[in-house]
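Please open the model in the viewer and set the display to show side chains as well as the backbone. The tour proceeds by successive selections, from a single residue outwards to the whole chain.

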Amino acid sequence: MSVWAILVAAGRGERLGLDQPKAFAKLGADPLLAEPLHRLDESDWIDAIVLVAPPGWEEPAILVAEELGCGKVSACVAGGETRADSVRAGLAEVPDDAVVVLVHDAARPLLPPEVIERVLAPLSEGWDGAVPGLPVADTLKRVGADGSVAETLSRDGLWAVQTPQAFVAAVLRAAAEAGGDATDCATLVEARGGRVKVVPGDTRLLKVTTADDLAKIASWL
């Protein structure tokens, strides 16, 4: 089974307050991009990687890959205006004979190897895709524009979804080519009737949004 990974690293990271993209924020001594790229490259499940960099940052991204000795990086392309556009740019570099495409956000740098295995397994069971997730623990309320509580939602069956997300390559291509935007690839697949399974995620897959997130993840390294 040919498994290609798309590492989406094109986010601007404006909430970090930096003068460079999120992927190049410092996580310890290295750019944040280095950690998830290295973890994908060393995974026995991944055959090749397409790196999606911030526009204009393709060469620095390639340099990071070279310095890490990441031999699985096949291409590096510029991302688009939205996450979905960035995934489409990455998919354009994945060959037609790829069987599975795994999409991961560089903003979740601590990628446990067992999560990769967990999202790939359902694809051999007939599922179109699989995503990692964690059951929602907090009470959820829908809030109006004036700050008033409009509704308290039941947590039953609600999961917070993470990446990496894995899909049958042909299914993801068709969903991406259909257009539209979404905060994750599974939404695009679901919109076309795809069957997506949720598997156990990992608390270490914290998404970097603020400087506090960076500091917390750095303490886990």
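Select H104 first: this residue is buried, with a relative accessible area of 0%; buried means under 20% relative accessible area, exposed over 50%, and partly exposed in between, computed with a 1.4 Å probe on protein chains only. The model is a predicted one, in which local features need pLDDT of at least 70 and side-chain atom pairs count only at pLDDT 80 or more, while totals for chains, interfaces and linings use all residues. Residues are numbered from 1 along each chain as its sequence is written, and side-chain values use heavy atoms, with hydrogens and water left out.

H104 lies in strand β6 (residues 100-105); helices (H or I, at least four residues) and strands (E, at least two) are DSSP runs numbered from the N terminus. Next, display the surroundings of H104. Leaving aside residues up to four places away in sequence, H104 touches I6, L7, V8, P36, L111, T163, P164 and L205, where contact means heavy atoms within 4.5 Å.

From I6, move to its bridge partner in β4, V50. Strand β1 (residues 3-8) pairs with β4 in the parallel sense over 5 bridges; two strands pair if DSSP finds at least two bridges between them.

Now select strand β4 (residues 48-53) in full. Is this strand enclosed or open? Because 6 of its 6 residues are buried, β4 is largely enclosed by the rest of the structure. In a regular strand the side chains alternate between the two faces of the sheet. Both faces of β4 are covered, with A48, V50 and V52 buried on one side and I49, L51 and A53 buried on the other.

Continue to strand β5 (residues 73-78), which runs parallel to β4 and is joined to β4 by 5 bridges. Here I49 stands opposite V73. To follow the connection, trace the chain from β4 through helix α2 (residues 58-68) to β5: this β-α-β crossover is right-handed, that is, with the strands pointing away from the viewer, the path from the first strand over the helix to the second runs clockwise.

Finally, select the whole protein, which has 7 helices and 12 strands. Its C-alpha trace spans about 50 × 40 × 30 Å along the principal axes. Buried residues make up 46% of the 221 residues. Of the contacts with a separation of 6 or more, 73% are between residues 24 or more positions apart.
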